[in-house]
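Colleague: Please take a single part of this model, examine it closely, and then follow it outward to whatever surrounds it. I would appreciate one connected account.

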Amino acid sequence: MRGDSRAIPYLNDFNTIEHGYDGISNPAKYLEKIRDLRSHGYNGPLGIGLQGHFVKPNLPYIRSSLDMLASAGLPIWITEEVYLEEIIREGSCTSGVKGIMMWAPWSPKGCYRMCLTDNNFKNFPTGDVVDKILKEWSHQGFSGTTDENGFFETSLFYKTIKLKSVITKM
């Protein structure tokens, strides 16, 4: 089996943009990891992956951190759960952020992490956020259906940011 030669490998870390008091995970250390990779001979494509685990978003710190990471000239993708709307809006204002990924697994046994709906497809607060932003950013009607395995994937472009939702059945 061959890999997709177009796939971009992403460094994936957490606590990089959440707050400024972690001496191990911060934008400067992240950029240092990229320089270290490059100095050891990796010159291929690369991206910046950031897992959002915000206790309370400090939007000015997030913005300056994203701007610092954007200086690497690499695509940035962020994940977030609790403060989804704030992070989507802040990320969409930063040139380096190319997308925000939402993992929204559903299970008939109950919600796992960031479900968008309950078992009767009534929105949870996260589903309301996604619907609100889709409505704001979409100039056309929006709908979709799952495939035979219960998967639905969509992309929505806004400015230069790509909002991607992957909904899977658990």
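Modeller: The account below begins with one helix and continues to the core and the charged pairs.

The model is predicted, so that local features need pLDDT of at least 70 and side-chain atom pairs count only at pLDDT 80 or more, while totals for chains, interfaces and linings use all residues. Residues are numbered from 1 along each chain as its sequence is written, and side-chain values use heavy atoms, with hydrogens and water left out.

Helices (DSSP runs of H or I, at least four residues) and strands (runs of E, at least two) are numbered from the N terminus. Helix 1 comprises the 13 residues 27-39. Its expected span, 1.5 Å times one less than its number of residues, is 18 Å, and this agrees with the 18 Å between its end C-alpha atoms. At the start of helix 1, a side-chain oxygen of N26 comes to within 3.1 Å of the backbone nitrogen of A28. After the helix comes G41, with a positive phi near 105°.

Four residues of helix 1 are buried, namely P27, Y30, L31 and I34; buried means under 20% relative accessible area, exposed over 50%, and partly exposed in between, with a 1.4 Å probe and protein chains only. These residues lie on the same side of helix 1 because they cover an arc of only 95° around the axis, the arc being that of the directions from the axis to the C-beta atoms. Their cover includes strand 1 (10-14), strand 2 (47-51) and helix 2 (59-70).

I48 carries the picture further: Y30 and I34 are among the residues that it touches, as are Y10, L11, L69, I76 and W77, not counting residues up to four places away in sequence; contact here means heavy atoms within 4.5 Å. I48 is also one of the residues with the most contacts inside the largest nonpolar core, which has 28 residues. Such a core is a set of buried Ala, Val, Leu, Ile, Met, Phe, Trp, Tyr and Cys residues joined through side-chain atoms within 4.5 Å. Helix 1, strand 2 and helix 2 are among the elements that each supply at least two residues of this core. Its largest share, 5 residues, comes from helix 4.

Helix 4 (residues 125-137) also takes part in charged pairing, since K132 lies in helix 4 and its partner E85 in helix 3, so the pair ties together parts that are 47 residues apart in sequence. This is a salt bridge whose closest N and O atoms are 3.0 Å apart, the term requiring a side-chain nitrogen of Lys or Arg within 4 Å of a carboxyl oxygen of Asp or Glu. E136 and R89 form another, with a closest N–O separation of 2.8 Å. That pair likewise joins helix 4 to helix 3, so parts 47 residues apart in sequence are tied together. Through shared partners, salt bridges link E85, R89, K132 and E136 into one network. Within helix 3 (residues 84-91), R89 and E85 are 4 residues apart and therefore separated by about one helical turn; their closest N and O atoms are 3.0 Å apart. Relative accessibility is 28% for R89, which counts as partly exposed, and 41% for E136, also partly exposed. K132 is partly exposed, at 42%. The whole structure contains 5 salt bridges.

Technical notes
Polar contact = N/O pair within 3.5 Å; in protein donor to acceptor, adjacent residues only side chain to side chain.
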